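This report describes strand pairing and a disulfide in a single model. Please view the sequence and the structure together.

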Amino acid sequence: MLSGGTLNLHGNRTNTWTKLARTAEAGSSSIEVLNASQWQAGDVIVLASTDYNPRQAETRTIVSISGNTIQLDKKLDYMHFGRITFGVDERGEVGLLTRNVKIEASPDAEASYFGGHIMAMVTSKMFVEGVELHRMGQHLELARYPIHWHLVGDAGKGQYIRNAAIHDTYNRCVTVHGTHDVRVENNVTYNIVGHCFFLEDGIEHGNEFARN
(Lines give C-alpha, C1' and ligand atoms only; values in the text may rest on other atoms or scores of the structure.)
Protein backbone atom coordinates (compact mmCIF):
# COMPACT_ATOMS: atom_id res chain seq x y z
CA MET A 1 0.00 0.00 0.00
CA LEU A 2 1.32 3.41 -0.99
CA SER A 3 0.51 6.57 0.95
CA GLY A 4 2.37 9.47 -0.57
CA GLY A 5 4.84 7.16 -2.31
CA THR A 6 5.77 6.29 -5.87
CA LEU A 7 5.78 2.78 -7.30
CA ASN A 8 7.91 2.03 -10.35
CA LEU A 9 7.77 -1.50 -11.76
CA HIS A 10 9.07 -2.09 -15.26
CA GLY A 11 9.46 -5.43 -17.02
CA ASN A 12 10.89 -6.16 -20.45
CA ARG A 13 7.88 -7.28 -22.54
CA THR A 14 5.83 -5.01 -24.76
CA ASN A 15 4.28 -7.51 -27.21
CA THR A 16 1.62 -8.72 -24.82
CA TRP A 17 -1.02 -10.12 -27.16
CA THR A 18 -1.63 -10.83 -30.80
CA LYS A 19 -4.13 -12.68 -33.00
CA LEU A 20 -4.17 -15.99 -34.78
CA ALA A 21 -2.98 -15.82 -38.38
CA ARG A 22 -5.09 -18.86 -39.26
CA THR A 23 -7.57 -21.15 -37.58
CA ALA A 24 -6.04 -23.49 -35.00
CA GLU A 25 -7.85 -26.80 -35.16
CA ALA A 26 -8.66 -28.95 -32.15
CA GLY A 27 -5.89 -31.49 -31.72
CA SER A 28 -3.22 -29.22 -33.19
CA SER A 29 0.08 -28.88 -31.35
CA SER A 30 1.13 -25.71 -33.18
CA ILE A 31 -0.41 -22.34 -33.98
CA GLU A 32 0.46 -19.46 -36.28
CA VAL A 33 0.05 -15.92 -34.98
CA LEU A 34 0.43 -12.46 -36.45
CA ASN A 35 3.34 -11.42 -34.23
CA ALA A 36 5.39 -13.63 -31.88
CA SER A 37 8.24 -11.16 -31.34
CA GLN A 38 9.75 -11.19 -27.82
CA TRP A 39 7.98 -14.47 -27.00
CA GLN A 40 10.23 -17.32 -25.89
CA ALA A 41 10.27 -21.05 -25.24
CA GLY A 42 8.95 -21.64 -21.74
CA ASP A 43 6.48 -18.75 -21.85
CA VAL A 44 2.85 -19.45 -21.01
CA ILE A 45 0.19 -18.21 -23.43
CA VAL A 46 -3.60 -18.25 -23.43
CA LEU A 47 -5.78 -18.74 -26.49
CA ALA A 48 -9.09 -16.95 -26.09
CA SER A 49 -12.28 -18.86 -26.74
CA THR A 50 -13.83 -18.20 -30.14
CA ASP A 51 -16.94 -20.12 -29.17
CA TYR A 52 -20.00 -19.01 -27.22
CA ASN A 53 -18.54 -20.99 -24.30
CA PRO A 54 -15.86 -18.86 -22.59
CA ARG A 55 -14.45 -21.98 -20.93
CA GLN A 56 -12.91 -22.94 -24.25
CA ALA A 57 -10.05 -20.56 -23.48
CA GLU A 58 -6.96 -22.66 -22.85
CA THR A 59 -3.39 -22.10 -21.70
CA ARG A 60 -0.31 -23.73 -23.16
CA THR A 61 3.45 -23.48 -22.73
CA ILE A 62 5.61 -22.56 -25.72
CA VAL A 63 8.07 -25.32 -26.66
CA SER A 64 9.68 -23.52 -29.59
CA ILE A 65 9.10 -20.67 -32.03
CA SER A 66 10.00 -20.38 -35.71
CA GLY A 67 9.02 -17.00 -37.10
CA ASN A 68 5.39 -16.67 -36.07
CA THR A 69 4.74 -20.42 -35.77
CA ILE A 70 4.56 -21.62 -32.19
CA GLN A 71 4.95 -25.23 -31.05
CA LEU A 72 2.88 -26.03 -27.96
CA ASP A 73 3.58 -28.39 -25.08
CA LYS A 74 0.34 -30.28 -25.68
CA LYS A 75 -2.45 -30.46 -28.23
CA LEU A 76 -5.36 -28.04 -28.22
CA ASP A 77 -8.65 -29.29 -26.83
CA TYR A 78 -10.75 -26.86 -28.89
CA MET A 79 -10.82 -25.13 -32.25
CA HIS A 80 -9.82 -21.45 -32.19
CA PHE A 81 -11.11 -19.47 -35.18
CA GLY A 82 -8.56 -17.41 -37.12
CA ARG A 83 -10.21 -15.84 -40.15
CA ILE A 84 -11.61 -12.55 -41.36
CA THR A 85 -15.13 -13.22 -42.60
CA PHE A 86 -17.22 -10.76 -44.63
CA GLY A 87 -14.81 -7.99 -43.62
CA VAL A 88 -15.19 -8.76 -39.89
CA ASP A 89 -11.99 -9.65 -38.03
CA GLU A 90 -12.93 -12.73 -36.03
CA ARG A 91 -9.40 -13.99 -35.44
CA GLY A 92 -8.96 -15.25 -31.89
CA GLU A 93 -6.64 -13.44 -29.52
CA VAL A 94 -3.53 -15.07 -28.07
CA GLY A 95 -2.17 -13.48 -24.90
CA LEU A 96 1.23 -13.76 -23.23
CA LEU A 97 0.91 -14.50 -19.50
CA THR A 98 4.63 -14.66 -18.62
CA ARG A 99 6.62 -11.63 -17.44
CA ASN A 100 10.09 -11.24 -15.93
CA VAL A 101 8.69 -9.13 -13.06
CA LYS A 102 6.10 -11.13 -11.14
CA ILE A 103 3.98 -10.31 -8.10
CA GLU A 104 1.94 -13.16 -6.70
CA ALA A 105 0.37 -14.54 -3.55
CA SER A 106 1.35 -17.95 -2.20
CA PRO A 107 -0.32 -21.05 -3.68
CA ASP A 108 -2.77 -21.40 -0.77
CA ALA A 109 -4.61 -18.39 -2.20
CA GLU A 110 -6.03 -20.77 -4.81
CA ALA A 111 -8.16 -22.35 -2.07
CA SER A 112 -8.93 -19.26 0.05
CA TYR A 113 -9.35 -16.71 -2.79
CA PHE A 114 -7.39 -14.35 -0.52
CA GLY A 115 -4.55 -12.95 -2.62
CA GLY A 116 -2.29 -9.93 -2.64
CA HIS A 117 -3.17 -6.41 -3.68
CA ILE A 118 -1.51 -3.16 -4.72
CA MET A 119 -3.22 0.06 -3.60
CA ALA A 120 -2.17 3.66 -4.21
CA MET A 121 -3.73 6.22 -1.87
CA VAL A 122 -4.03 9.99 -2.32
CA THR A 123 -0.80 11.77 -3.39
CA SER A 124 0.68 8.43 -4.50
CA LYS A 125 1.86 7.60 -8.01
CA MET A 126 2.11 4.34 -9.93
CA PHE A 127 4.04 3.59 -13.11
CA VAL A 128 3.65 -0.12 -13.84
CA GLU A 129 4.72 -1.77 -17.09
CA GLY A 130 5.42 -5.31 -18.22
CA VAL A 131 4.60 -7.03 -14.92
CA GLU A 132 2.70 -10.23 -14.13
CA LEU A 133 0.06 -10.11 -11.37
CA HIS A 134 -0.94 -13.62 -10.30
CA ARG A 135 -3.24 -14.82 -7.49
CA MET A 136 -4.05 -11.23 -6.59
CA GLY A 137 -7.16 -9.60 -5.12
CA GLN A 138 -9.27 -10.67 -2.15
CA HIS A 139 -12.66 -12.14 -2.92
CA LEU A 140 -15.69 -10.08 -1.80
CA GLU A 141 -13.45 -7.57 0.02
CA LEU A 142 -13.89 -3.91 -0.90
CA ALA A 143 -10.70 -2.07 -1.92
CA ARG A 144 -8.66 -5.26 -2.25
CA TYR A 145 -7.99 -5.51 -5.97
CA PRO A 146 -4.91 -6.66 -7.92
CA ILE A 147 -3.99 -3.04 -8.70
CA HIS A 148 -5.97 -0.06 -7.47
CA TRP A 149 -5.80 3.72 -7.66
CA HIS A 150 -7.81 4.72 -4.55
CA LEU A 151 -9.17 8.27 -4.32
CA VAL A 152 -6.02 9.77 -5.80
CA GLY A 153 -8.03 12.52 -7.47
CA ASP A 154 -6.27 14.25 -10.36
CA ALA A 155 -3.38 11.92 -11.12
CA GLY A 156 -2.07 14.18 -13.83
CA LYS A 157 -1.12 12.74 -17.19
CA GLY A 158 1.53 10.05 -17.01
CA GLN A 159 0.49 7.37 -14.51
CA TYR A 160 -0.25 3.98 -16.07
CA ILE A 161 -0.42 0.24 -16.05
CA ARG A 162 0.51 -1.17 -19.43
CA ASN A 163 1.83 -4.35 -21.06
CA ALA A 164 0.89 -6.30 -17.92
CA ALA A 165 -0.50 -9.81 -17.51
CA ILE A 166 -3.20 -10.08 -14.83
CA HIS A 167 -4.44 -13.63 -14.43
CA ASP A 168 -5.99 -16.06 -11.98
CA THR A 169 -7.17 -13.24 -9.72
CA TYR A 170 -9.96 -13.18 -7.14
CA ASN A 171 -11.42 -9.66 -7.19
CA ARG A 172 -11.33 -7.77 -10.50
CA CYS A 173 -8.18 -6.68 -12.39
CA VAL A 174 -7.61 -2.91 -12.48
CA THR A 175 -9.65 -0.52 -10.31
CA VAL A 176 -9.62 3.23 -10.89
CA HIS A 177 -11.52 4.74 -7.95
CA GLY A 178 -11.98 8.48 -7.59
CA THR A 179 -8.93 8.95 -9.78
CA HIS A 180 -8.59 10.80 -13.07
CA ASP A 181 -6.22 10.80 -16.06
CA VAL A 182 -4.50 7.41 -15.76
CA ARG A 183 -3.87 5.13 -18.72
CA VAL A 184 -4.62 1.39 -18.79
CA GLU A 185 -3.12 0.05 -22.00
CA ASN A 186 -2.21 -3.16 -23.79
CA ASN A 187 -2.82 -5.44 -20.82
CA VAL A 188 -3.81 -9.12 -20.94
CA THR A 189 -6.27 -10.51 -18.39
CA TYR A 190 -7.44 -14.09 -17.96
CA ASN A 191 -9.43 -16.18 -15.49
CA ILE A 192 -10.54 -13.45 -13.12
CA VAL A 193 -13.41 -13.07 -10.66
CA GLY A 194 -15.70 -10.10 -11.19
CA HIS A 195 -15.80 -7.07 -13.46
CA CYS A 196 -12.22 -6.77 -14.71
CA PHE A 197 -11.74 -3.07 -15.49
CA PHE A 198 -13.61 -1.11 -12.82
CA LEU A 199 -14.42 2.58 -12.47
CA GLU A 200 -15.77 2.46 -8.93
CA ASP A 201 -17.74 5.68 -8.37
CA GLY A 202 -18.68 6.51 -11.95
CA ILE A 203 -17.42 10.10 -11.65
CA GLU A 204 -13.90 9.28 -12.80
CA HIS A 205 -12.87 11.15 -15.95
CA GLY A 206 -9.99 11.46 -18.36
CA ASN A 207 -8.90 7.84 -17.88
CA GLU A 208 -7.89 5.97 -21.03
CA PHE A 209 -8.43 2.26 -21.53
CA ALA A 210 -6.71 1.22 -24.74
CA ARG A 211 -6.14 -2.10 -26.50
CA ASN A 212 -6.64 -4.33 -23.48
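Which residue in β12 stands opposite Leu 9? The partner of Leu 9 is Val 128. The model is predicted, so local features need pLDDT of at least 70 and side-chain atom pairs count only at pLDDT 80 or more, while totals for chains, interfaces and linings use all residues. Residues are numbered from 1 along each chain as its sequence is written, and side-chain values use heavy atoms, with hydrogens and water left out.

**The parallel sheet**

Strands here are DSSP runs (E, at least two residues), numbered from the N terminus. Two strands count as paired if DSSP finds at least two bridges between them. Five strands make up an open sheet with parallel pairing, in the order β1-β12-β15-β18-β21. At its edges lie β1 (6-10) and β21 (208-210), each of which pairs on one side only. Direction ignored, neighbouring strands of this sheet are turned by 5° against each other on average; the axes are lines fitted to C-alpha atoms, and angles run from 0 to 180 degrees between N-to-C directions. Strand β1 is joined to β12 (residues 125-129) by five bridges, and the two run parallel.

**Pairings of β6**

Strand β6 (residues 69-72) is joined to β3 by three bridges and to β5 by four. Both pairings are listed with that of β1 and β12.

| Strands | Bridges | Sense | Residues opposite each other |
|---|---|---|---|
| β1 and β12 | five | parallel | Leu 9 and Val 128 |
| β3 (residues 30-32) and β6 | three | antiparallel | Glu 32 and Thr 69 |
| β5 (residues 58-66) and β6 | four | antiparallel | Ser 66 and Thr 69 |

Thr 69 thus has a bridge partner in Glu 32 and stands opposite Ser 66. Strands β5 and β6 form a hairpin with two residues between them. In the turn, Gly 67 has a positive phi of about 65°. In a regular strand the side chains alternate between the two faces of the sheet. On β6, Ile 70 and Leu 72 make up the covered face, whereas Thr 69 and Gln 71 make up the uncovered one.

**The disulfide**

The structure holds one disulfide (a pair of cysteine sulfur atoms within 2.5 Å). Cys 173 and Cys 196 form this link, with their sulfur atoms 2.2 Å apart. The angle about the S-S bond is -110°, and the link is left-handed. Cys 173 sits in the loop between β16 (165-169) and β17 (174-180), and Cys 196 in the loop between β19 (188-192) and β20 (197-199), so the pair ties together parts that are 23 residues apart in sequence. Both Cys 173 and Cys 196 are buried, meaning under 20% relative accessible area with a 1.4 Å probe, protein chains only.

Note on methods:
Buried < 20%, exposed > 50% of the residue type's maximum accessible area, 1.4 Å probe, protein only.
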